[in-house]
Amino acid sequence: MKKRILEHFKNRKDKEETIPKNNSGIISHSVFNKFFLEVASITIFTLRFFKEAIKPPYEINELMKQSFLIGFKSLSLVAVTSFILGLVLTVQSRPTLAKFGAESMLPVMVAVSIIREIGPVIIALIFAGKVGSGIGAELASMNVTEQIDAMQVSHTNPFNYLVVTRVISATFMLPLLVIFGDTIGLLGSYVAVNIKGNVSFSLFFSQIFQSLEFMDVFPAILKTFFFGFAIGLIGCYNGYYANKGTEGVVGKAANSAVVYASLMVFVIDMMAVQILTLFQN
Amino acid sequence: MTNIKTSIKTEKSSNPNGEIVVEMEHLKKSFENNNVLLDINLVLNKKENLVILGKSGTGKSVLIKCIVGLVEHDEGKLKLFGQSISELKEKELTNLRRKIGFLFQSGALYDSMTVRENLEFPLKRQLISISKKEINTLVEEALENVGLSDTIELSPSELSGGMRKRLGLARTLILKPEIMLYDEPTTGLDPITSKEISKLIIEVQEKYNTSSIIITHDIECAKLTANRMIVIKDGICAAEGLYKDLESSSDKWVKSFFE
Ligand SMILES: Nc1ncnc2c1ncn2[C@@H]1O[C@H](COP(=O)(O)OP(=O)(O)OP(=O)(O)O)[C@@H](O)[C@H]1O
Ligand SMILES: [Mg+2]
């Protein structure tokens, strides 16, 4: 062994020169392969989720605990960002509407933007950043420190205990957080409206509720279930299958969880809008 | 380095009347191109402490992970309590696993739980009908065994390396398993604590009739606990025997472990 190490040092210079300079062909080929392998493996992961989710035992205690950690602990972050979002959006929209003499439409316009699009997407992105990365890092670190193996020998199905509970929690907590965040966002908007005007609280909200339709609210909330599901699943996938041997796995898992979950939020959003227009025609 | 090519067939005769609890024949395991275990033959008798020696990276941890099914072996026979595990259904295997305790090399403590919850976890998972009071007694007893009574409300991250190791040991012993697999139980401990752990291993063996496989680099621990020893090299069992046989082995490489 010592000899080999010494030889390695001796050969250090020659080795560098032998690496082919133009290897872009190889890289693109392997990236292509890797992409499809990844898609296949996340599909299998998703199928496994459904298979294990319907099968007992049901980890009710852990589900409750995760729902608390995932939902309740995100409340303050969602509240602050939503409030600012509503406030800023209102302040920014006012000049344009004023130009057309439609300043009285301000509450309705802001409400529709927040409820239909901005609220769900922004809150989902924040959720991906906080919860998606948290799940990714947690499971990755459990994976490298053999905690997942330890559960398996403790008569526990780790997939059921860790993945199923987290994905279900994320799926049901995000919609609740979005409803909560939308409400706070509207409060922010109310405050902003009253910086320059004078609209009573009840007038502000009755104006909004009169013009909001079922089809403004329902699809917007419905899609957040899919956002939550995707964020939970991608977070778990990156953590659960984190590669044990490599360096910085935990950071990498957290990072890819956020990146891919955020990307998925936009992809789902785009699909949702397509489906919605199909229905409306 | 001398080469010992032939794999030694383990003696079943060392315990003629006793049962065999673990039996491996021609066990093989590789990870992609990395052939870790080539031909492992091994027998663990009831109420026996079997110590496994071998250089870092020879696959000792992989070997005992095969026993609990955390790693699936590629070829060969692996019998637990006389049942071949590749023929068992998932459910039967889980039931067999209840009888096995596994001390992970890294401790594998649950970071998100306190010391108490770490110990409660296997209890609640496996003994569904156990009462709160019984759990408390068992937890306290287990902590006392490893000298960690006053850490019960701490989280594992607040413990030192050696304390984590001992907590891992307590968590494994709490269910009083029939087979114990210790992966380096004394690594990272001071000589005094090491000796206490070795004594604890013997005590467990005598009190609960436990059969154990002990992987260790700690020759003192091996000397104290071993009824029989096996040395693994290049994926095969290179030598087998009593402590005193191997210590005075004519093979230089085997002997070098004891220096
Ligand atoms: N899950 C795995 N995937 C791929 N290779 C693995 C895996 N687990 C172990 N190996 C490889 O198997 C070999 C043996 O590993 P193992 O952990 O069993 O060594 P060990 O004998 O326990 O060493 P140590 O004394 O350092 O703990 C190593 O080369 C390791 O890279
Ligand atoms: Mg090891």
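Q105(B) is partly exposed, with a relative accessible area of 35% (partly exposed lies between buried, under 20%, and exposed, over 50%; 1.4 Å probe, protein chains only). The model is predicted: local features need pLDDT of at least 70, side-chain atom pairs count only at pLDDT 80 or more, and totals for chains, interfaces and linings use all residues. Residues are numbered from 1 along each chain as its sequence is written, chains are lettered from A and ligands numbered from 1 in the order written, and side-chain values use heavy atoms, without hydrogens and water.

**Magnesium site**
- S61(B) (OG) and Q105(B) (OE1) are the protein donors of the magnesium ion (ligand 2), at 1.9 to 2.2 Å (donors are N, O and S atoms within 2.8 Å of the metal, or 3.2 Å for Na, K and Ca; water is not among the atoms, so sites may look incomplete).
- The pair links distant parts of the chain, 44 residues apart: S61(B) sits in helix α1 (residues 60-68) of chain B, and Q105(B) in the loop between β6 (100-103) and α3 (115-126) (helices are DSSP runs of H or I, at least four residues; strands are runs of E, at least two; both are numbered from the N terminus).

**Chain B against chain A**
- 22 residues of chain B are in contact with 15 residues of chain A (contact: heavy atoms within 4.5 Å).
- L70(B), Y110(B) and R125(B) supply 31% of the area that chain B buries against chain A, more than any other three residues (buried area: accessible area, 1.4 Å probe, that two parts lose on being put together, summed over both).

**Helix α6 of chain A**
- α6(A) kinks by about 55°, centred on I114(A) (the angle between axes fitted to the seven residues ending there and the seven starting there).
- Just after α6(A), E146(A) takes a positive phi of about 65°.
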